[in-house]
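Visitor: I would like to go through this model by question and answer. Please keep the reasoning explicit.

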Amino acid sequence: MPNESIRLIGDMSLEIDDGRDSLELRLRKRSHAHVSLRALVPTYTFLDGAKFQVHLGGKCIYLNLDLIAKDPRQIFALFHEMGHAINVHRRGLLYELAVRIGGGKWGGLYGRKLLLAEERHAWAVGLHIARQLRDKGFDLFPLFQNKDRLSRWLRWNGLRSYEKSFAQFVAEREGSRVFGIQARTPKKSVRKKKYS
Ligand SMILES: [Zn+2]
(Lines give C-alpha, C1' and ligand atoms only; values in the text may rest on other atoms or scores of the structure.)
Protein backbone atom coordinates (compact mmCIF):
# COMPACT_ATOMS: atom_id res chain seq x y z
CA MET A 1 0.00 0.00 0.00
CA PRO A 2 1.28 3.49 -0.82
CA ASN A 3 1.88 5.94 2.02
CA GLU A 4 -0.08 8.62 0.29
CA SER A 5 -2.17 9.09 -2.79
CA ILE A 6 -3.13 12.34 -4.47
CA ARG A 7 -5.98 12.34 -6.91
CA LEU A 8 -4.93 14.10 -10.11
CA ILE A 9 -7.70 13.77 -12.67
CA GLY A 10 -10.45 11.27 -13.45
CA ASP A 11 -9.42 7.94 -11.96
CA MET A 12 -5.72 8.79 -12.05
CA SER A 13 -3.73 9.34 -8.86
CA LEU A 14 -0.19 10.07 -7.88
CA GLU A 15 0.96 7.41 -5.47
CA ILE A 16 3.79 8.21 -3.12
CA ASP A 17 5.82 5.63 -1.28
CA ASP A 18 8.00 7.20 1.33
CA GLY A 19 11.21 5.23 1.25
CA ARG A 20 14.02 5.69 3.70
CA ASP A 21 15.77 8.38 1.71
CA SER A 22 13.67 8.94 -1.38
CA LEU A 23 10.12 8.95 -2.64
CA GLU A 24 8.80 6.44 -5.09
CA LEU A 25 6.29 8.12 -7.38
CA ARG A 26 3.73 6.31 -9.53
CA LEU A 27 0.77 7.30 -11.58
CA ARG A 28 -2.03 4.83 -11.05
CA LYS A 29 -5.45 4.29 -12.49
CA ARG A 30 -8.35 2.48 -10.93
CA SER A 31 -7.73 -0.36 -13.37
CA HIS A 32 -4.47 -0.93 -11.41
CA ALA A 33 -2.42 0.13 -14.42
CA HIS A 34 0.51 2.14 -13.18
CA VAL A 35 3.66 3.82 -14.37
CA SER A 36 6.73 4.79 -12.39
CA LEU A 37 8.00 8.35 -12.70
CA ARG A 38 11.32 7.37 -11.20
CA ALA A 39 11.94 5.13 -14.22
CA LEU A 40 12.05 8.24 -16.42
CA VAL A 41 14.94 9.70 -14.40
CA PRO A 42 16.49 6.53 -12.99
CA THR A 43 19.64 8.12 -11.60
CA TYR A 44 17.72 10.73 -9.57
CA THR A 45 15.91 10.55 -6.27
CA PHE A 46 12.66 12.35 -5.53
CA LEU A 47 12.35 14.29 -2.28
CA ASP A 48 9.53 16.28 -0.72
CA GLY A 49 10.48 19.92 -0.47
CA ALA A 50 9.21 23.45 -0.15
CA LYS A 51 9.36 24.01 -3.88
CA PHE A 52 10.01 22.32 -7.17
CA GLN A 53 13.71 22.24 -7.74
CA VAL A 54 16.38 20.06 -9.22
CA HIS A 55 19.75 19.61 -7.61
CA LEU A 56 21.93 18.37 -10.41
CA GLY A 57 25.06 17.82 -8.37
CA GLY A 58 23.22 15.85 -5.68
CA LYS A 59 21.03 14.17 -8.29
CA CYS A 60 17.76 14.85 -6.56
CA ILE A 61 14.50 16.40 -7.59
CA TYR A 62 12.43 18.21 -4.97
CA LEU A 63 8.69 18.41 -5.31
CA ASN A 64 6.03 20.01 -3.17
CA LEU A 65 3.36 17.37 -2.60
CA ASP A 66 1.01 19.82 -0.87
CA LEU A 67 1.01 22.05 -3.92
CA ILE A 68 0.18 19.12 -6.19
CA ALA A 69 -2.62 18.11 -3.83
CA LYS A 70 -4.00 21.65 -3.92
CA ASP A 71 -3.54 22.09 -7.66
CA PRO A 72 -2.84 18.91 -9.66
CA ARG A 73 -1.59 21.00 -12.59
CA GLN A 74 1.58 21.42 -10.53
CA ILE A 75 2.54 17.91 -11.64
CA PHE A 76 3.77 19.67 -14.77
CA ALA A 77 6.21 21.61 -12.60
CA LEU A 78 7.61 18.25 -11.54
CA PHE A 79 7.93 17.23 -15.20
CA HIS A 80 9.79 20.49 -15.79
CA GLU A 81 12.35 19.67 -13.10
CA MET A 82 12.68 16.19 -14.56
CA GLY A 83 13.26 17.97 -17.86
CA HIS A 84 16.28 19.73 -16.35
CA ALA A 85 17.62 16.38 -15.14
CA ILE A 86 17.19 14.81 -18.58
CA ASN A 87 18.74 17.86 -20.25
CA VAL A 88 21.86 17.47 -18.19
CA HIS A 89 22.49 14.07 -19.63
CA ARG A 90 22.12 15.51 -23.08
CA ARG A 91 23.88 18.78 -22.68
CA GLY A 92 26.42 18.38 -19.93
CA LEU A 93 26.39 20.77 -17.03
CA LEU A 94 25.23 23.73 -19.04
CA TYR A 95 22.48 24.53 -16.58
CA GLU A 96 24.70 24.64 -13.52
CA LEU A 97 27.19 26.69 -15.48
CA ALA A 98 24.45 29.10 -16.44
CA VAL A 99 23.38 29.47 -12.84
CA ARG A 100 26.93 29.95 -11.66
CA ILE A 101 27.93 32.60 -14.15
CA GLY A 102 24.44 34.10 -14.23
CA GLY A 103 25.21 35.89 -11.00
CA GLY A 104 28.69 36.98 -12.02
CA LYS A 105 29.36 40.47 -13.29
CA TRP A 106 31.16 39.60 -16.47
CA GLY A 107 28.92 36.69 -17.34
CA GLY A 108 25.65 38.35 -16.38
CA LEU A 109 24.06 38.69 -19.77
CA TYR A 110 25.46 35.49 -21.22
CA GLY A 111 24.56 33.52 -18.11
CA ARG A 112 21.02 34.84 -18.11
CA LYS A 113 20.62 34.02 -21.79
CA LEU A 114 21.76 30.46 -21.15
CA LEU A 115 19.49 30.17 -18.15
CA LEU A 116 16.43 31.37 -20.06
CA ALA A 117 17.20 28.97 -22.92
CA GLU A 118 17.62 26.16 -20.43
CA GLU A 119 14.32 26.99 -18.72
CA ARG A 120 12.48 26.95 -22.04
CA HIS A 121 14.12 23.69 -23.00
CA ALA A 122 13.27 22.04 -19.68
CA TRP A 123 9.60 22.96 -20.23
CA ALA A 124 9.77 21.42 -23.69
CA VAL A 125 11.21 18.21 -22.25
CA GLY A 126 8.60 18.34 -19.49
CA LEU A 127 5.85 18.42 -22.10
CA HIS A 128 7.55 15.57 -23.89
CA ILE A 129 7.38 13.54 -20.67
CA ALA A 130 3.66 14.34 -20.42
CA ARG A 131 3.18 13.13 -24.01
CA GLN A 132 5.10 9.93 -23.31
CA LEU A 133 2.83 9.29 -20.32
CA ARG A 134 -0.26 10.08 -22.39
CA ASP A 135 0.87 7.51 -24.96
CA LYS A 136 1.03 4.97 -22.14
CA GLY A 137 -2.55 5.79 -21.20
CA PHE A 138 -1.85 8.37 -18.50
CA ASP A 139 -3.14 11.56 -20.03
CA LEU A 140 -2.65 14.60 -17.81
CA PHE A 141 -3.26 17.20 -20.50
CA PRO A 142 -6.99 17.38 -19.67
CA LEU A 143 -5.93 19.16 -16.47
CA PHE A 144 -5.96 22.16 -18.78
CA GLN A 145 -9.03 23.04 -20.80
CA ASN A 146 -7.04 23.51 -23.98
CA LYS A 147 -3.58 24.16 -25.41
CA ASP A 148 -3.94 27.89 -24.89
CA ARG A 149 -4.62 27.48 -21.20
CA LEU A 150 -1.65 25.15 -20.92
CA SER A 151 0.79 27.50 -22.59
CA ARG A 152 -0.53 30.43 -20.56
CA TRP A 153 -0.04 28.41 -17.39
CA LEU A 154 3.52 27.49 -18.40
CA ARG A 155 4.33 31.09 -19.17
CA TRP A 156 2.85 32.37 -15.94
CA ASN A 157 4.21 29.66 -13.66
CA GLY A 158 7.47 28.86 -15.27
CA LEU A 159 8.95 31.37 -17.62
CA ARG A 160 7.60 34.73 -16.58
CA SER A 161 10.02 35.31 -13.71
CA TYR A 162 13.04 34.37 -15.84
CA GLU A 163 11.89 36.45 -18.79
CA LYS A 164 11.17 39.37 -16.53
CA SER A 165 14.53 39.18 -14.82
CA PHE A 166 16.27 38.89 -18.18
CA ALA A 167 14.40 41.87 -19.63
CA GLN A 168 15.06 43.88 -16.48
CA PHE A 169 18.74 43.02 -16.56
CA VAL A 170 19.06 44.05 -20.20
CA ALA A 171 17.11 47.24 -19.57
CA GLU A 172 19.22 48.16 -16.56
CA ARG A 173 22.41 47.41 -18.42
CA GLU A 174 21.35 49.47 -21.40
CA GLY A 175 20.23 52.21 -19.05
CA SER A 176 23.51 52.36 -17.21
CA ARG A 177 25.37 52.24 -20.49
CA VAL A 178 23.49 55.21 -21.89
CA PHE A 179 23.34 57.29 -18.73
CA GLY A 180 26.57 56.06 -17.20
CA ILE A 181 28.65 57.07 -20.15
CA GLN A 182 26.98 60.45 -20.33
CA ALA A 183 27.53 61.08 -16.66
CA ARG A 184 31.12 59.99 -16.75
CA THR A 185 32.08 61.93 -19.82
CA PRO A 186 33.11 65.47 -18.95
CA LYS A 187 31.99 68.07 -21.41
CA LYS A 188 35.43 69.09 -22.41
CA SER A 189 37.04 65.72 -22.24
CA VAL A 190 38.51 65.94 -25.70
CA ARG A 191 40.96 68.75 -25.83
CA LYS A 192 42.56 69.72 -28.98
CA LYS A 193 46.22 69.11 -28.89
CA LYS A 194 48.17 72.25 -29.19
CA TYR A 195 50.77 72.13 -31.85
CA SER A 196 53.46 74.66 -31.58
ZN1 LIG B 1 13.56 25.33 -14.34
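Visitor: Which residue in the turn between strand 6 and strand 7 has a positive phi?

Guide: This is a predicted model. Strand 6 and strand 7 form a hairpin, and four residues lie between the two strands. Phi in that turn is positive, about 55 degrees, at a residue other than glycine. The residue is Lys59.

Visitor: Is Lys59 buried or exposed, or does it fall in between?

Guide: Lys59 is found in the loop between strand 6 (53-55) and strand 7 (60-63). A buried residue needs 20 or more other C-beta atoms within 10 Å, and an exposed one has 12 or fewer. Lys59 has 13 C-beta neighbours inside 10 Å, so it counts as partly exposed.

Visitor: How many other C-beta atoms lie within 10 Å of His32?

Guide: His32 also has a positive phi, near 80 degrees, and is not a glycine. His32 is found in the loop between strand 3 (23-29) and strand 4 (34-36). The limit for an exposed residue is 12 or fewer other C-beta atoms within 10 Å. His32 is exposed because its count is 6.

Visitor: In which sense do strand 5 and strand 7 pair, parallel or antiparallel?

Guide: Strand 7 pairs with strand 6 in the antiparallel sense over three bridges, and Gln53 stands opposite Tyr62 there. Strand 5 (residues 45-48) also pairs with strand 7, with Asp48 and Leu63 as bridge partners. The pairing of strand 5 and strand 7 covers four bridges, and its sense is parallel.

Visitor: Which residues of strand 7 point to one face and are buried?

Guide: In a regular strand the side chains alternate between the two faces of the sheet. Strand 7 shows this alternation: Cys60 and Tyr62 point to one face and are not buried. The residues that point to the other face and are buried are Ile61 and Leu63.

Visitor: Which residues of helix 2 (75-91) does Ile61 touch, setting aside neighbours within four places in sequence?

Guide: The contacts of Ile61 include Val41, Tyr44, Phe46 and Val54. The rest of its contacts fall within the range 75-91, which is helix 2. They are Glu81, Met82 and Ala85.

Visitor: Which element gives the most residues to the largest nonpolar core?

Guide: In soluble globular proteins, nonpolar side chains tend to be buried together. The largest nonpolar core here has 30 residues, and those with the most contacts inside it are Leu14, Ile61, Ile75, Leu78, Met82 and Ala85. Strand 2 (12-18), strand 3, strand 7, helix 2 and helix 4 (108-135) each supply at least two residues of this core. The element that gives the most, with nine residues, is helix 2.

Visitor: What distance separates the C-alpha atoms of Val125 and Gly83?

Guide: Val125 is found in helix 4. It is partly exposed because it has 19 other C-beta atoms within 10 Å, where 20 would count as buried. Beyond its neighbours within four places in sequence, Val125 is in contact with Gly83, Ile86 and Asn87. Val125 and Gly83 are 42 residues apart along the chain, yet their C-alpha atoms are separated by 4.9 Å.

Visitor: Which residue stands opposite Met12 in strand 3?

Guide: Strand 1 (residues 4-9) and strand 2 pair in the antiparallel sense over five bridges, and Met12 is the bridge partner of Ile9. Strand 1 and strand 2 form a hairpin with two residues between them, and Gly10 in the turn has a positive phi of about 55 degrees. Strand 2 and strand 3 also pair in the antiparallel sense, over seven bridges, with a hairpin of four residues joining them. In strand 3, the residue opposite Met12 is Lys29.

Visitor: What is the pattern of helices and strands along the sequence?

Guide: The protein has five helices and seven strands. Read along the sequence, the pattern is β-β-β-β-β-β-β-α-α-α-α-α.

Visitor: Over which residues is the pLDDT below 50?

Guide: The protein averages a pLDDT of 81, and 77% of the residues score at least 70. One stretch has a pLDDT below 50 and, beyond near neighbours in sequence, zero contacts in the model. That stretch is residues 180-186.

Key
Residues numbered from 1 in each chain as written. pLDDT = per-residue confidence, 0-100. Contact = placed C-beta atoms within 7 Å. Core = buried A, V, L, I, M, F, W, Y, C linked by C-beta atoms within 7 Å. Pairing = 2+ DSSP bridges.
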